[in-house]
Amino acid sequence: MGDIVTLSGHEGEVMRIGFRSITIRTFDKQEVFIPNGSLISGELVNWTRSDDILRTVLSVGIGYQDDPDRAIVLVREILVGYALVLSTPGPLVALWEFGDSAILLRVEYYVHFLGQVGRTQVRSEVNRRIWYGFQAAGISIPFPQRDLHVYPTPGGETLGLSVPVAAARSVG
């Protein structure tokens with residue numbers, strides 16, 4: 001009773017354990033009655049059995065022209081400076097992947113699941129602080145961009161474009 005669980009696709013607080021069913025109050029404030037058979041045969045995730053510490057993982061992209069070491073240090077300082085991010089276990093920021101449009105950083109930090117501020121609010125604030133920190137430091141957060149190549153057909157048709165192919169070629 002009182003634990004936060006995920007059972008049969010429902011996440012929330014265990015309110016009652018009965019002879020035939022378990023009652024979970026979801027974060028949408030719905031009461032869901034789940035037959036005990038689902039508890040026995042299904043998968044149960046108990047988020048707060050041992051403690052209420054929960055890891056959050058973010059992926060943050062920076063531009064290829066930006067210094068990843070500088071971005072890593074900045075994000076780490078942001079996390080360490082935010083009181084709702086736990087110092088033990090401490091946050092981790094790592095260069096994770098070279099994406100199509102960005103260098104991706106993996107950001108991991110821990111919060112109290114049942115803390116004074118909800119997990120969603122902490123995540124939002126971390127994202128805000130990263131956004132404004134990057135802006136102040138001149139680090140870009142890129143977005144996907146694609147090049148469009150238009151090739152003329154043998155007859156010079158417009159290919160459904162509002163400008164002739166020759167004009168489109170001279171624009172781009």
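Glutamate 108 is buried in this predicted model, with a relative accessible area of 11%. Its side chain forms a salt bridge with arginine 55, the closest N and O atoms being 3.5 Å apart. Glutamate 108 belongs to strand β8 and arginine 55 to strand β6, so the pair ties together parts that are 53 residues apart in sequence. The points below cover the salt bridges, threonine 56, helix α3 and a nonpolar surface patch.

**Salt bridges**

- The count of salt bridges in the model comes to five.
- Arg55, Arg106 and Glu108 are linked in a network of such bridges.
- Within this network, arginine 55 is partly exposed, its relative accessible area being 38%, whereas glutamate 108 is buried.
- A further salt bridge joins the side chains of glutamate 13 and arginine 25, at 3.6 Å from N to O. Since glutamate 13 lies in strand β2 (residues 10–17) and arginine 25 in strand β3 (residues 21–26), this pair ties together parts that are 12 residues apart in sequence.
- Both partners of that bridge are partly exposed: glutamate 13 has a relative accessible area of 26%, and arginine 25 has a relative accessibility of 30%.
- In helix α3, the side chains of arginine 129 and glutamate 125 meet in a salt bridge of 2.8 Å, N to O. The two residues are four places apart, about one turn of the helix.
- An α-helix has 3.6 residues a turn, so residues three or four places apart point the same way.
- Arginine 129 counts as partly exposed, at 31% relative accessibility, while glutamate 125 is among the buried residues of α3.

**Threonine 56 in strand β6**

- Threonine 56 is situated in strand β6.
- With a relative accessible area of 2%, threonine 56 is buried, because the cut-off for burial is under 20%.
- Leaving aside residues up to four places away in sequence, threonine 56 touches Val107, Glu108, Tyr109, Arg119 and Arg123. One of these, Glu108, is also a member of the salt-bridge network with Arg55 and Arg106.

**Helix α3**

- Helix α3 comprises 19 residues, from 119 to 137. At 1.5 Å a residue the helix should span 27 Å, and its end C-alpha atoms are 27 Å apart, which agrees.
- Its buried residues are Val122, Glu125, Val126, Ile130, Gly133, Phe134 and Ala137. They cover an arc of only 165° around the axis, which puts them on the same side of α3.
- These buried residues pack against β6, α2 and β8 (103–112).
- Thr120 and Gln121 are exposed residues on the face of α3 that is turned away from the buried side.
- Glycine 138 follows α3 and has a positive phi, near 75°.

**Nonpolar surface patch**

- Tyr64, Leu95 and Phe98 make a nonpolar surface patch of about 320 Å².
- Tyrosine 64 is located in the loop between β6 (53–62) and α2 (68–80).
- The relative accessible area of tyrosine 64 is 42%, so this residue is partly exposed.

Conventions
Residues numbered from 1 in each chain as written. Predicted model: local features only at pLDDT ≥ 70, side-chain atom pairs only at ≥ 80, totals over all residues. Heavy atoms only, no water. Patch = residues over 30% accessible without salt bridge, like charges linked within 9 Å, V, L, I, M, F, W, Y side chains within 5 Å. Areas by Shrake-Rupley, 256 points an atom, 1.4 Å probe, with all protein chains shown as cover. Salt bridge = Lys/Arg side-chain N within 4 Å of Asp/Glu carboxyl O. Buried < 20%, exposed > 50% of the residue type's maximum accessible area, 1.4 Å probe, protein only. Expected span 1.5 Å × (residues − 1). Arc of directions from axis to C-beta. Contact = heavy atoms within 4.5 Å.
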